[in-house]
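Welcome, and please have your viewer ready with side chains switched on. We will take the stops one at a time.

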Amino acid sequence: MRIDEKGTRLAGREQVLTEIKQWMDTYHVQKLFAYNASFDKNHLPEYSEYEWYDIMCLAAYRQYNRFIPDSADCYKTGRLKRGYGVENILQMLRGNKGYRETHNAVTDAEDELQIMQLLGYGIEEYYVALLPDQKNEGAKQKGRLVWHRAW
């Protein structure tokens, strides 16, 4: 580990991911929620043992997001054809077209948590958003009370 001129700890990817995993294990985290979760899961194979849930599965679909206007262009599945990124969804949920997303790990996590809060669904209702490769395993655990934390 190195320390920069401002006193900030500097570490490599492996060390950082290990420390985050240790922190999550301390709090018994089992489920990870992310917008476009398959992207994050593919870039974080070190966290493949967690259950991954895609917030977008509720946020971008008319049947789950009551804030999607009737005039919005959607596929037959109910998914928005365009404008379903985090920034667009937060603008829609907040009723604030002036909102601009700031990209960094902390604000991305805060934005995604706020989407979950504004949609108003309980954690158990996100089962439909469990990534497909994990649905069979998740079905075995459905109904089991677990402590959750959005990350």
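This tour of a predicted model visits its aromatic rings and the charged groups that sit over some of them.

Before selecting anything, how many aromatic pairs does the structure hold? There are 5, and we will look at some of them.

**First stop: W23 and Y27.** Select these two residues and look at their rings. They form a tilted aromatic pair, with 5.1 Å from centre to centre and 55 degrees between the planes. Now show the surface: are these residues buried or exposed? W23 is partly exposed, at a relative accessible area of 37%, and Y27 is partly exposed too, with a value of 37%.

**Next stop: F33 and Y53.** Select this pair and turn the view until you see both rings from the side. The ring centres are 4.9 Å apart and the planes meet at 20 degrees, so this pair counts as stacked; the cut-off for stacking is under 30 degrees. Colour the strands as well: F33 belongs to strand β3 (residues 31-34) and Y53 to strand β4 (residues 51-54), so the pair ties together parts that are 20 residues apart in sequence. Both F33 and Y53 are buried.

**Add Y126.** Keep F33 and Y53 selected and bring in Y126. Ring pairs link these three residues into a cluster.

**Last stops: charges over rings.** Select K81 with Y75. The charged end of K81 sits over the Y75 ring, 5.3 Å from the ring centre. Then move to R94 and Y99, where R94 lies over the face of Y99, 4.2 Å from the centre of the ring.

Notes
Residues numbered from 1 in each chain as written. Predicted model: local features only at pLDDT ≥ 70, side-chain atom pairs only at ≥ 80, totals over all residues. Heavy atoms only, no water. Phe/Tyr/Trp six-rings, centres within 6.5 Å; stacked < 30°, edge-to-face > 60°. Buried < 20%, exposed > 50% of the residue type's maximum accessible area, 1.4 Å probe, protein only. Helix = DSSP H or I, 4+ residues; strand = E, 2+ residues; numbered from the N terminus. Lys NZ or Arg CZ within 6 Å of the ring centre and 35° of its normal.
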